[in-house]
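Student: Please take a close look at one part of this structure, and say how its pieces are arranged around one another. Start with the cysteines, then move on to the fold and the backbone.

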Amino acid sequence: MPETTAPAVPPTPPVTLQALLARDDLALRQIAGPTDPGIVIHWAHTSEMADPYPYLLGGELLLTAGVHIPEAAGSGTYFDDYVSRIVAAGGAALGFGVAPVHDTVPRALVAACDRYGLPLLEVPPQTTFSGVARAVWQLMAQARLAELRRVTEAQQSLAAAASRPDPVPSVLRQLAQRLGGRAVLYGPDGTEIAGAGRETPEGARTALAELAGVVRHPAAAPPTAAPARPHAATASHPGRPQPAPPPPTAPRGRPHPTPSAPSTPSTPSAPAARPHPTSATDTHGATHLAVYALGAGEGFVLGVAAPRRDPGDHTIASVAAVLLALLTGEHQSGAGAARSSALVRLLLGAPPEEVAPLLGTGQWLVVHARPEAQAPDAVAASALGAALGSPLVDLARDVVRVLVPADREPEPQPGWTLGVSAAAGPPEWPAADTQAARALARARATRTPLVRHAARPALADLVPPADAETHARTLLAPLAGQPALADTLRTWLSLHGSWDRTAVALDVHRNTVRQRIARCAALLAADLDDPDVRMELWFALRRD
């Protein structure tokens, strides 16, 4: 079973032999071999070697003028050996130039191509081999352009489907329509969660589910590439057909070339570790099967069953797999469902301490952050949350707030200024939010990337909270109803009376800071240069 994913860019589509024969400018004529419309050509190659096997990759239209044919070839096995070697190498067709060496195609070559099932084309004198090769590449370029256009249109339609209110069923329907088959989403336990498109035979449906299990549980896959089922596994990306073993007889006067093989060690070795497959393909009768793992681990799997497999199908299915991985990613761990449940309970009146266990156990940190260059947006806020290891992000005007589990110690983030609270349980989250805001203000004022709230015991802990709050209200009564003055005084005191750093922290001009502090001194009738006064006011402001 394949264990690697094909390139994201669709491979160059092959050219059908019928399309090449339809070119009037070439005037090619098929005179032997099968006329199956499904015969395709991957490239054209010219060779006058008596044994072309070592020089073919498979899928070629081999062009020859018969220079290599000896005079007495018609009476022996030369043509049988020659044609069998082309077939063994995977050649798609043989083109024979009627000039300048031969006036007609040898009848023995025609008979050999019929026996071995190799299409034989007569190339007229006016048609050059380079002209045939150019025609092949032109047809391939046209097919490539059409395939790229098809892939682009499919990508756009899949993206639009992912934005619908029912994104998962919509993506599956669009994928099944684009591939002309059926698309299925399997859950982590292997059950079919959703499906769309035409129904597939029972055997193909079972084979698709088994293939999905191989990608979800790679250890359960058989150690060899040959599956137990009668259908053959294939790679998830195109490759040359594997050549058959050389025939027992070689062209006259030439030894058989032996394909090289890796040497086998004399002592058995431990099997190599198998990489986790992200996609796999298979066939069941006339049905082509493909599966794609949606993210790492034993999670969701996308399965596709279609009557044919075009070169761009893998790219289209891969785009759908990425979209479905984004749509189902959070549900694999249950985190998204837990957060949704927590939000609903809060909106319905549940207290935070009752909801907090849905988000995780233990204590939490509140982080306030501001970008250094510009106002934050939703994308930047989400990226910051990912960097801090938490999806619990709130974008509030010019500040991003993140609720982070206490066991994930926040680190400075490039381009951001952070303030971090002390660890707190749900009942203390409002106080932790205030701590983070003050830590952010101090970080911005001191131009420090990250400032943590100091959680050590303070003198304020020695005074009963009720008495401390009463004293604070009495002392700060002249500032009541003027929060700008109280905030300015608190910030100014925390920064040791620095006008410039206070202005930076509050986003105001330094003269505004001076005016507000002077106003505070007048209202409080206090000498703010007195350290005892400052200490008492700081004590009160922390309780306010």
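Tutor: A disulfide here is a pair of cysteine sulfur atoms within 2.5 Å. The structure holds zero of them. The model is predicted, so local features need pLDDT of at least 70 and side-chain atom pairs count only at pLDDT 80 or more, while totals for chains, interfaces and linings use all residues. Residues are numbered from 1 along each chain as its sequence is written, and side-chain values use heavy atoms, leaving out hydrogens and water.

Two cysteines, C113 and C520, are buried, each with 0% relative accessible area (buried is under 20%, exposed over 50%, partly exposed in between, with a 1.4 Å probe and protein chains only).

Now the sheet. Helices (H or I, at least four residues) and strands (E, at least two) are DSSP runs, numbered from the N terminus. Strands pair if DSSP finds at least two bridges between them. An open sheet of five strands runs β2-β7-β6-β5-β4, with mixed pairing. Its edges are β2 (29–32) and β4 (43–46), each of which pairs on one side only. From one strand to the next, the twist averages 30° (axes are lines fitted to C-alpha atoms, for helices over the stretch in contact, and angles run from 0 to 180 degrees between N-to-C directions). Strands β4 and β5 (residues 60–64) run parallel and are joined by four bridges; W43 has E60 of β5 as its bridge partner.

Two helices lie across this sheet. Helix α3 (residues 107–116) covers β2, β6 (93–97) and β7 (120–123), at about 80° to β2. Helix α4 (residues 129–162) lies across β4, β5, β6 and β7, at about 165° to β4.

Helix α3 also meets helix α2 (residues 78–88): their axes come within 9 Å and cross at roughly 40°. That makes α2 oblique to α3 (under 35 degrees is roughly parallel, over 145 roughly antiparallel, 65 to 115 roughly perpendicular, the rest oblique). Among the residues in contact (heavy atoms within 4.5 Å) are F79, Y82 and V83 of α2 and L109, A112 and C113 of α3. The buried C113 is thus part of this contact.

The loop between β6 and α3 holds P100, and the A99 to P100 peptide bond is cis, with omega near 5°. In the loop between α1 (17–21) and β2, A27 is not a glycine yet has a positive phi of about 55°. Most residues other than glycine have a negative phi, and most peptide bonds are trans. A27 is partly exposed, at 38% relative accessibility.
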